[in-house]
Amino acid sequence: MTDTASPLTLVADIGGTNTRVALARGTKLVEGSVKRFLNADYAGLDTVLRTYLSATDQAPVGAACVALAGPVRHARGTLTNLDWTVDAETLTHATQARTVAILNDLQAQGYALGFIAAENQRLIVDGTPQAEGEPQLVIGVGTGFNATPVYQTAAGRFVAPSESGHVNMPIRTEADLRLCHFVETAHGFPAVEDVLSGRGLERIFAWHATEDGAPREMMAGDIMAAVAAGDPTATAAARTFTRLLGTVAGNLALGYLPFGGVYLVGGVARAFSDHLAQYDFAGAFRDKGRFAGFMQNFSVAVIEDDFAALTGCAAHMTRR
C-alpha cells in the first residue's frame, strides 16, 4: 500500500547528458513520476526542477535531494562533464523544500543498496556468503568512472565521497603502456576514466585500430553493436576494457575489503554485463598473485536499475 500521508521528496540524478527527476514517498518512487530532461536544453538545474514541478499536480515537496556526477563539498557540487554548479541555496529556491541535500551520484547509488529489487541485480562473480553490516563497494562506469565504499555504522549508513576515476590507469604490460601514452594525449594524464567509461571504450577502440595499422574511430554504442556482429577490432577493445575493469575493480576491492559485495552501476556497466563473463572479468578481478585466493571473498554484481540513484536519494532523506 502506498503511503500517501508521508510528505513528498523531490529527487534528481544529474548526469553529463541527462537529468532524471522524480517524486518519492519514503524510499519508494511515486509511480509514473520519473521524467528525463536533456541538459543541453536548460541553463541549469534550477530551470529543470522548476519545469518539472510546474508540470506536476502533486502536493508541495517537503524535501529535495539531488545526485550529481562530480565532487561535492560543503553542500555545493560541480559536475565534471557539464558546466553546472549546484548548491543548497539554489536547490531550496527552486523547490521550496524545507530540507535539501546534495550528493555525489555514486554516494546516491550506495544509499540505494538494500532497496534494489533482486531481479535488477545480476551476479557476475560469486563470493563467500555475505554477513549483514559488512562493507560494500559501488563502482560506477558510465559517462565517467568513480567508486565509493559503503559502511554500516552505529549512526547509520555512511557512503564516503570519492573521485576514484581520476587516479592513474593500471599498467602491467608493454601494450598497456602504449595504451597509456595513447590516451594521455586527451588531458595530459592517463586516468582510469580515460579508459573505463563510454569515451574510454572509444579511446581503447581507436588505439586498437591504430595498433592494427588502420586508424578509425567509433562511438561507444556502435562499438557494442560491432562486438555483437563479430568485428575483430571492436572485440579486441571489449576484451581490453573488460580486463582493465576487472583489474581496477580488484584493486579497489583490496583497498576497501567489501565483504558485503561489489556492485557495478552505470550505463556502460549494464551494456557490458552480457560480456563480462565471456571476456573473463572474474579472472582479471582475481589476478592478484598470492592474494588470488583471498579475492574469492568478494562477489560482484551489476545493478540493472536505471533509477537506483533516485532511490538512493530518497533513502538518504529518510535518514535525515
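Is E184 buried, partly exposed or exposed? In this predicted model, E184 counts as partly exposed, because its relative accessible area is 25%.

**View 1. E184 in the loop between α4 and α5.** This close-up is centred on E184, which sits in the loop that joins α4 (174–183) to α5. Leaving aside residues up to four places away in sequence, E184 is in contact with F189 and P190. A59 gives a sense of distance across the model, since E184 and A59 are separated by 125 residues in sequence, and their C-alpha atoms lie 50 Å apart in space.

**View 2. The crossing of helices α5 and α7.** Here helix α5, which covers residues 198–211, is shown with helix α7, which covers residues 232–256, and their axes come within 9 Å of each other while crossing at roughly 125 degrees. That angle is why α5 is described as oblique to α7. The crossing of α5 past α7 is right-handed. On the α5 side the contact is formed by L201, I204, F205, H208 and A209, and on the α7 side by T233, A234, A236, A237, T240, F241 and L244. Sorted by character, the residues of this contact between α5 and α7 comprise nine nonpolar and three polar residues, with no charged ones.

**View 3. The crossing of helices α3 and α10.** A second pair of helices is seen here, with the axes of α3 (residues 105–112) and α10 coming within 7 Å and crossing at roughly 75 degrees. The two helices α3 and α10 are therefore roughly perpendicular to each other. From α3, the residues A108, Q109, Y111 and A112 take part, and they meet A308, A309, T311, G312, C313, A315 and H316 of α10. The residues in this contact of α3 with α10 are made up of seven nonpolar and four polar residues, and none is charged.

**View 4. T311 and its surroundings.** This view stays with α10, the helix of residues 308–318, in which T311 is located. T311 counts as buried because its relative accessibility is 9%, a value under the 20% limit for that class. When residues up to four places away in sequence are set aside, T311 touches T27, L29, A112 and F115, and one of these, A112, belongs to the part of α3 that meets α10.

**View 5. The cysteines C65, C313 and C180.** Which cysteine has the sulfur nearest to that of C65? The count of disulfides in the model comes to zero. C65 accordingly takes part in no disulfide, and the nearest cysteine sulfur to it, that of C313, is 3.7 Å away, whereas a disulfide would need the two sulfur atoms to be within 2.5 Å. C65 counts as buried because its relative accessibility is 0%. C180 likewise counts as buried, with a relative accessibility of 5%.

**View 6. Two loop residues with positive phi, H74 and D280.** H74 is not a glycine, yet its phi is positive, at about 55 degrees. H74 belongs to the loop between β5 (61–68) and β6 (76–78), and H74 is exposed, because its relative accessible area is 69%. D280 is also a residue other than glycine with a positive phi, in its case near 60 degrees. The loop that holds D280 runs between α8 (267–272) and α9 (281–286), and D280 counts as partly exposed, because its relative accessibility is 45%.

How values were computed
Residues are numbered from 1 along each chain as its sequence is written. This is a predicted model: local features need pLDDT of at least 70, side-chain atom pairs count only at pLDDT 80 or more; totals for chains, interfaces and linings use all residues. Side-chain values use heavy atoms; hydrogens and water are left out. Axes are lines fitted to C-alpha atoms, for helices over the stretch in contact, and angles run from 0 to 180 degrees between N-to-C directions. Helices (H or I, at least four residues) and strands (E, at least two) are DSSP runs, numbered from the N terminus. Angles under 35 degrees count as roughly parallel, over 145 as roughly antiparallel, 65 to 115 as roughly perpendicular and the rest as oblique. A crossing is left-handed if the near helix is turned anticlockwise from the far one by less than a right angle, and right-handed if clockwise. Contact means heavy atoms within 4.5 Å. Ala, Val, Leu, Ile, Met, Phe, Trp, Tyr, Cys and Pro count as nonpolar, Asp, Glu, Lys and Arg as charged, and the others, Gly among them, as polar. Buried means under 20% relative accessible area, exposed over 50%, partly exposed in between (1.4 Å probe, protein chains only).
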